[in-house]
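Thanks for coming. I have one structure to go through today, and I will take it contact by contact. Please have a look at it on the screen.

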Amino acid sequence: MKRLLSSSLLLFSFVFAAGQTAFAQQTEGGNGDATAEDNAAAAAQEQARKREACLLRAAQTAGDDVTLEQLRGWCDDGAPKQRLPHEDALRARLALEQTSQENPFVITPHRRNYLMPYSHWSNPQWNDPDREDQNLDSGEVKFQFSLKAPVYDDFWDGSTLYMAFTGVFFWQAYNSEESRPFREINFTPEVFLAKPIDWQLGPVQSELLAFGFRHDSNGQDEPTSRSWNRLYLRHVSQIGSYYVSVMPWYRIPEEEKDFPLDPRGDNNPDIEKYMGNFQLEVARVFGNHVLELMVRNNLRSDNKGAGQINYSFPINDRFKGLVQVFTGYGDSLINYDDYETRFSLGILLTDTL
């Protein structure tokens with residue numbers, strides 16, 4: 001049926017195009033000049049629209065020392081282009097966030113927001129003694145919601161205090177045999193200070209500095225409870241065409257449990273061994289495409305960590321597609337000590353750059 005519908009639409013488009021061509025040939029003598037003028041006017045309007053959009057973007061992201069003549073030079077056709085599109089990707093995002101920061105009807109994206117209808121993982125395990133006899137599908141749905149809101153602007157020396165929340169959901173949507181359960185949900189509330197900076201050290205152009213506290217938990221009770229608390233420092237810089245984010249952290253110690261099912265105490269004392277001590281992200285912007293590599297590592301002799309590649313690409317003016325490949329430890333908290341490889345494909349609602 002789909003093939004028949006596609007063939008019919010294709011045939012209709014050919015007939016419609018042929019009719020338009022015949023009509024244009026019949027009226028060429030009388031309307032030729034008018035059509036050429038209309039096309040020229042439409043092209044001029046489109047060019048003006050693009051120039052206005054370019055000027056607006058440049059005005060939002062340019063430094064204080066940039067002149068109006070330089071702004072026009074970046075956007076006028078035929079003028080020498082002094083900057084590439086990737087050069088202001090992060091500053092453009094920060095500027096756009098600033099414009100909506102006081103709007104009470106807007107909650108700003110924090111990390112990526114996405115929906116992955118197809119997500120395949122290589123090592124399906126419940127890690128729940130009450131569900132060991134239940135079947136688990138290797139295909140599931142993965143999605144993430146991540147939002148932040150400013151609590152206090154200009155908190156200290158131009159920094160802003162934020163509250164943020166990120167939820168990552170692993171849904172066995174195709175597992176009808178087990179009534180399609182949510183296998184795991186990871187919650188990450190955060191409080192952090194963020195400050196845009198403009199420091200230059202050789203080829204490294206510092207862009208953003210953040211310091212915060214985050215709590216990661218799967219919201220479960222014993223024996224499947226997983227959680228830990230961290231203080232982190234994040235530095236984002238630009239090196240040539242690449243954005244580099246370095247985020248080391250310090251885990252806040254917890255007391256040992258008196259017995260295995262004690263609700264108090266450390267649920268996962270060895271989590272740093274698998275999740276590492278820092279996270280490095282390197283991103284490259286290609287127009288409206290973003291390619292990003294993430295690496296975590298514990299920097300120990302028994303080396304463990306994870307790697308992830310994200311590639312986002314435009315689908316239309318509003319949405320992007322997202323391809324995500326993960327391998328290593330810590331894909332989800334319940335499986336933090338299981339080595340997994342995951343491939344996911346879906347729709348990106350908001351990107352990082």
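Asp216 and Arg230 are both buried. This is a predicted model, so please take every number I give as computed. The two residues form a salt bridge, and their closest N and O atoms are 2.9 Å apart. Asp216 sits in strand 6 and Arg230 in strand 7, so the salt bridge ties together parts that are 14 residues apart in sequence.

How many salt bridges does the count come to? The count comes to 15. Let me take two others. Lys273 forms a salt bridge with Asp302, with 3.9 Å between the closest N and O atoms. This pair links distant parts of the chain, 29 residues apart: Lys273 is in helix 5, residues 271-275, and Asp302 is in the loop between strand 10 and strand 11. Lys273 counts as partly exposed because its relative accessibility is 25%, and the cut-off for buried is under 20%. Asp302 is partly exposed too, at 31%.

The other one is Lys320 with Asp351, where the closest N and O atoms are 2.8 Å apart. Lys320 lies in strand 12, residues 320-328, and Asp351 in the segment after strand 13, so this pair ties together parts 31 residues apart in sequence. Is Lys320 buried or exposed? Lys320 counts as buried, at 9% relative accessibility. Asp351 is buried as well, at 15%. Lys320 and Asp351 also belong to a network of salt bridges that includes Arg112 and Glu292.

Now the strands. Strand 4, residues 159-171, runs antiparallel to strand 5, residues 182-201, and 12 bridges join them. Strand 5 in turn pairs with strand 6, residues 204-217, again in the antiparallel sense, over 11 bridges. Within that pairing, Pro196 has Leu208 of strand 6 as its bridge partner. The hairpin of strand 5 and strand 6 has 2 residues between the strands, and Gly202 there takes a positive phi near 60 degrees.

On to the rings. The count comes to 15 aromatic pairs. In one of them, Phe143 and Phe169, the ring centres are 4.6 Å apart and the planes are at 5 degrees, so the pair is stacked. Phe143 is in strand 3, residues 139-156, and Phe169 is in strand 4, so the pair ties together parts 26 residues apart in sequence. Phe143 counts as buried at 12% relative accessibility, and Phe169 is buried at 17%. Trp171 and Phe182 are stacked as well, because their ring centres are 5.2 Å apart and their planes are at 10 degrees. Trp171 is in strand 4 and Phe182 in strand 5, 11 residues apart, and the two stand opposite each other. Trp171 is partly exposed at 30%, and so is Phe182 at 39%. Ring pairs link these four residues and Phe145 into a cluster.

Next, a polar contact. Gln238, in strand 7, residues 227-239, counts as buried at 9% relative accessibility. The Gln238 side chain reaches the backbone oxygen of Gly240 at 3.2 Å.

Last, the surface. There is a nonpolar patch with about 760 Å² of accessible area together, and its residues include Tyr118, Phe286, Val325 and Leu345. Which strands each supply at least two residues of the patch? Those are strand 10, strand 11 and strand 13. Leu345 is in strand 13 and is partly exposed, with a relative accessible area of 39%.

Note on methods. Residues numbered from 1 in each chain as written. Predicted model: local features only at pLDDT ≥ 70, side-chain atom pairs only at ≥ 80, totals over all residues. Heavy atoms only, no water. Patch = residues over 30% accessible without salt bridge, like charges linked within 9 Å, V, L, I, M, F, W, Y side chains within 5 Å. Areas by Shrake-Rupley, 256 points an atom, 1.4 Å probe, with all protein chains shown as cover. Salt bridge = Lys/Arg side-chain N within 4 Å of Asp/Glu carboxyl O. Helix = DSSP H or I, 4+ residues; strand = E, 2+ residues; numbered from the N terminus. Buried < 20%, exposed > 50% of the residue type's maximum accessible area, 1.4 Å probe, protein only. Pairing = 2+ DSSP bridges. Polar contact = N/O pair within 3.5 Å; in protein donor to acceptor, adjacent residues only side chain to side chain. Phe/Tyr/Trp six-rings, centres within 6.5 Å; stacked < 30°, edge-to-face > 60°.
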